[in-house]
Amino acid sequence: MRSNLPVTGREKPVSQDANILSTTNIKGKIRYTNQDFDDIAEFTQEELIGNPHNMIRHPDMPSTAFKMLWAALQGGALMERDC
C-alpha cells in the first residue's frame, strides 16, 4: 500500500477555467493526463503514464472510497458511452 507522504500543507491555487483531466484503464493505471492535471499533480506525463492513479491520492482520502469507486466501474456502472 502506498503511503503518499509527505503532506506539504501547501495550498495550490487553481484557475477557474482549469480542466484537470486524467484517464485510466480498468486496473487503475494512468493512460492519459492533460497539462492542467500534470501541473496540479506536480508530475510530468512520463512520470504518470502507466502508473497507478493512486500515486497522487491524498493520504487523508480514505482508500475505501476508491475501492468502492473501482468496484462500481469494474462492474460496468459507468461506461464510456454513458458519458
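A salt bridge here is a side-chain nitrogen of Lys or Arg within 4 Å of a carboxyl oxygen of Asp or Glu. Keep that cut-off in mind, as the tour will come back to it. What you have open is a predicted model.

**Stop 1: the whole chain**

Start with the protein chain in cartoon view. You should find 3 helices and 2 strands, and reading from the N terminus on, the elements run β-β-α-α-α. Now colour by accessibility: of the 83 residues of the protein chain, 14% count as buried.

**Stop 2: Glu42 and its partners**

How many salt bridges does a search of the whole structure find? The search finds 2, and Glu42 is a good place to look for them. Select Glu42, in the loop between H1 and H2, and show its side chain together with that of Arg10. Glu42 and Arg10 form a salt bridge, with 3.3 Å between the closest N and O atoms. Because Glu42 sits in the loop between helix H1 (35-41) and helix H2 (45-48) while Arg10 belongs to the segment before S1, this pair ties together parts that are 32 residues apart in sequence.

Add Lys12 to the selection. Glu42 also forms a salt bridge with Lys12, and here the closest N and O atoms are 3.2 Å apart. Again the pair links distant parts of the chain: Lys12 is in the segment before S1 and Glu42 in the loop between H1 and H2, 30 residues apart. Taken together, Arg10, Lys12 and Glu42 are linked in a network of salt bridges.

Which of the three count as exposed, and which as partly exposed? Arg10 counts as exposed, at 56% relative accessibility. Glu42 is partly exposed, with a relative accessible area of 45%, and Lys12 counts as partly exposed at 39%.

Before leaving Glu42, check its backbone. What is the sign of phi in Glu42? Phi of Glu42 is positive, near 60°, in a residue other than glycine.

**Stop 3: a nonpolar surface patch**

Switch to a surface view and select Val14, Ile20 and Ile40. These residues make a nonpolar surface patch of about 220 Å². Val14 lies in the segment before strand S1 (22-24), and the place of Ile20 is in the segment before S1 as well. Val14 is partly exposed, with a relative accessible area of 43%; Ile20, at 43% relative accessibility, counts as partly exposed too.

While Ile20 is selected, draw a distance to Gln35. The two residues are 15 apart in sequence, and their C-alpha atoms are 7.9 Å apart in space.

**Stop 4: the second largest pocket**

Keep Ile40 highlighted, as this residue appears again here. Rolling a probe the size of a water molecule over the atoms shows where empty space is left. The second largest pocket has a volume of about 650 Å³. Which of the 20 residues that line this pocket are the closest to its centre? Select Thr8, Ile40, Ala41, Ile56 and His58 to see them.

Now extend the selection to the whole lining and colour by residue type. The lining of the second largest pocket divides into 11 nonpolar, 4 polar and 5 charged residues.

**A last view**

To finish, show two selections side by side. One is the salt-bridge network of Arg10, Lys12 and Glu42. The other is the nonpolar patch of Val14, Ile20 and Ile40, with Ile40 also among the residues closest to the centre of the second largest pocket.

Conventions
Residues are numbered from 1 along each chain as its sequence is written. This is a predicted model: local features need pLDDT of at least 70, side-chain atom pairs count only at pLDDT 80 or more; totals for chains, interfaces and linings use all residues. Side-chain values use heavy atoms; hydrogens and water are left out. Patches are made of residues with over 30% relative accessible area and no salt bridge: like charges are joined within 9 Å, nonpolar side chains (Val, Leu, Ile, Met, Phe, Trp, Tyr) within 5 Å. Accessible areas come from the Shrake-Rupley method with a 1.4 Å probe; for residues, only the protein chains shown count as cover. Helices (H or I, at least four residues) and strands (E, at least two) are DSSP runs, numbered from the N terminus. Buried means under 20% relative accessible area, exposed over 50%, partly exposed in between (1.4 Å probe, protein chains only). On a 1 Å grid over the protein atoms alone, a cavity is a set of points where a 1.4 Å probe fits but cannot get out, and a pocket is an open set with protein on both sides within 12 Å along at least five of seven lines; lining residues have an atom within 4 Å of a point. Grid points are joined across faces, edges and corners, and a volume is the space filled by probe spheres set on the points. Ala, Val, Leu, Ile, Met, Phe, Trp, Tyr, Cys and Pro count as nonpolar, Asp, Glu, Lys and Arg as charged, and the others, Gly among them, as polar.
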